[in-house]
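The following note sets out a few numbered points on the model under review. They concern aromatic side chains, the contact between chains, and one polar contact.

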Amino acid sequence: MKPVIVVHGGAWAIPDKIAEDSISGVKNAILEGIKILEKGGSALDAVERAVRSMEDNPVFDAGHGAVLNANGEVELDAVIMDGKTLAAGAVSSIRNISNPVTFARSVMEKTDHVMLTDRGANQYADCQGIPKVATDELITEGERKEWEHYQKYAHSVKTLFNSQLVHDTVGAVALDCSGNVACATSTGGIRNKMVGRVGDTPIIGSGGYADNNIGAVSCTGHGESIMKVTLARLILFHMEQGKSPEQATDEALQYMGKRVHGAGGAIVVSPDGKWAARFTTERMAWASIKEDTLSYGLNPKEMFNEKTFRIAS
Amino acid sequence: MLPVIVVHGGAGLVGAERLEGSCRGVQEAALAAYRILQQGGSALDAVEEAVVKMEDNPMYNAGCGSVLNELGEVEMDAIIMDGKTLASGAVSAVRGIANPIKLSRLVMEKTQHLCLTAEGASRFAKAMGVPEVEEESLKTDYSRKRWVENLAPGSNPVESQMYGKGKMGTVGAVAIDSQGNVASATSTGGMLNKMAGRVGDTPCVGCGAYADNLFGAASPTGHGEAIMKVTLCRLILFHMEQGMSPEKAADTALEYMKTRVQGIGGVIVVNSSGDWVARFTSEKMPWAAVKNDQLHYGFYKGESFTLPVSSI
């Protein structure tokens, strides 16, 4: 099985001033991921690595660079799922951790549970010796300024989302050479969200889903809308009915727009190696690698292709 | 549309001494909800009322009577969903309130979010004037006893809850009102001796509940982690979308959960035509339903008794 990996850096009206950094961010992430897959590594390892790369990159709203909640704090959510066993790990409202996706994986592999939140999650992180990082390290100067600006002008979540608000959750899906699929998604959520607000990201079936029998999905966009339609599971449901990843995703996103007036995007991979990166927002930074071709885009209908070179193992 | 209410009191194991109480509690909850529906009230109000009744009843693992986490605390999850708009509200790991389902409804109606967790949920509760209750008032001798037993090394809380003489898991309700709107609500104290901050299926939309006027509504109970892995409620609704009856949809999904992820549980379902079922792969699940002035109820597999409402 030829491996495939797709990543996204968020579906929203990405402003020109960070467009280039967003594209290079998703490209860097995908190159990290493909290195693992090409050496015969697992889809799970690949999606984790790709998402970590974006969590460490302050241009994205995940880990470093996350948006602030109403209290000016950083609360992070993440999910990771293994399509082989349907094992999953999720964390919500965690603080002071650099890489929520790795922590989510630890919940999946080291506990009997699927999801941990807030205080209990942070206690478990301490038990596991996961290094704490100061809040200031996670917040960028730019984000602090934006937050202060929004404190002055109350906006509704919908308005905020529809008008240029940062909402770049990051995510990855992959198919490895053993035919296993996996997904991972990570976010700081919506700027100025209520303390303790949990969006779609850590909710199995909404922010992500992976099943070797159907495929893997990672979503981004207006979290509350994604949850209402359980977007990831919906896309896979359409694929179960025989639709291609592209058709399935378009149909599900259309439905989300029509039924609950939400916009967003999703990346998908199927067990036979097909993939899609689709969105109904103004832009979505995404990249994919399949068979030595790196594809990427930002604007609707855009797809640039480059040849990758084999990374020596 | 003839309104329908179905409620469940959890698919975990119940000791014989608690059988009568659990059966009576679901019937009372169903009848209280039915009164609302009979008067033209909404499915949303009906499911909330049914769940509030069970949260207040120390017999069930929700609100008062919730199981304790590993630290001996009560952390509760709940969700409510409106099939008309797909609006939903949920709280996870919330402490110190009597009715998490009411707080979930407030999240749905008074915020622009769908889910608040832990500290954030408590803050919101305070801001809404929801009275704080002493955590001790939510505990029962039974829940304390189970907690102590499961602290012992070598104990297996999942097994204890689902297969052994453990406490029941989760309460829920689904309804369709005279306007044809469906709704679903679920509430729980979670898993016996769970890790602090553990969130199960209950507050996760598509897992612990789903409601969509086009197809129906579902509320599950059972091994939460397994329910999450298969997004049980969403799966049941997908099956109904494909034309399956509520019974076939529920059985197919529960069987899949058993074979794919070795999870057992139960579910109540109503479809958009008012057909309903209560199905489970566990040994027992106290449930009750009211439709057309008939009360139906059961406990063991295959059981279904009927009484006219007027006779009660």
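1. Phe305(B) is partly exposed, because its relative accessibility is 40% and that class covers the range between 20% and 50%. The model is a predicted one, and this assignment is computed from it. Trp287(B) stands on the other side of the lower cut-off: its relative accessible area is 3%, so this residue is buried.

2. Both residues take part in aromatic pairs, of which the structure holds seven over all chains. Trp287(B) is paired with Trp276(B) in a tilted arrangement, with 5.6 Å centre to centre and 50° between the planes. This pair links distant parts of the chain: Trp276(B) belongs to strand S11 (residues 276-280) of chain B and Trp287(B) to strand S12 (residues 284-291) of chain B, 11 residues apart. Phe305(B) has Tyr297(B) as its partner; that pair is also tilted, at 5.4 Å centre to centre and with 40° between the planes.

3. Two rings of chain A have a charged group over them. Lys27(A) lies over the face of Tyr296(A), 4.0 Å from the ring centre. Over the ring of Tyr209(A) sits the charged end of Arg233(A), at 5.0 Å from the centre.

4. How many residues of each chain are in contact at the interface of chain A and chain B? The contact involves 51 residues of chain A and 53 residues of chain B. Interface size is often expressed as the accessible area lost when the parts come together. For chain A and chain B the buried area is about 3,900 Å², with 60% of it on carbon and sulfur atoms.

5. Polar interactions across this interface include four salt bridges found by the rule. One of them joins Asp212(B) to Arg259(A), whose closest N and O atoms are 2.9 Å apart. The rule also finds 21 residue pairs in polar contact across the interface, both residues being at pLDDT 80 or more. On the side of chain A that touches chain B, the elements giving two or more residues include strand S3 (88-94), helix H4 (118-127) and helix H10 (245-260) of chain A. H4(A) gives the most to this side, with six residues.

6. Is Thr221(B) buried or exposed? Its relative accessibility is 1%, so Thr221(B) counts as buried. The residue is placed in strand S9 (residues 216-222) of chain B. Its side chain reaches the backbone nitrogen of Ala11(B) at 2.9 Å.

Technical notes: Residues numbered from 1 in each chain as written. Chains lettered and ligands numbered in written order. Predicted model: local features only at pLDDT ≥ 70, side-chain atom pairs only at ≥ 80, totals over all residues. Heavy atoms only, no water. Phe/Tyr/Trp six-rings, centres within 6.5 Å; stacked < 30°, edge-to-face > 60°. Helix = DSSP H or I, 4+ residues; strand = E, 2+ residues; numbered from the N terminus. Buried < 20%, exposed > 50% of the residue type's maximum accessible area, 1.4 Å probe, protein only. Lys NZ or Arg CZ within 6 Å of the ring centre and 35° of its normal. Contact = heavy atoms within 4.5 Å. Buried area = accessible area lost by both parts, 1.4 Å probe. Salt bridge = Lys/Arg side-chain N within 4 Å of Asp/Glu carboxyl O. Polar contact = N/O pair within 3.5 Å; in protein donor to acceptor, adjacent residues only side chain to side chain.
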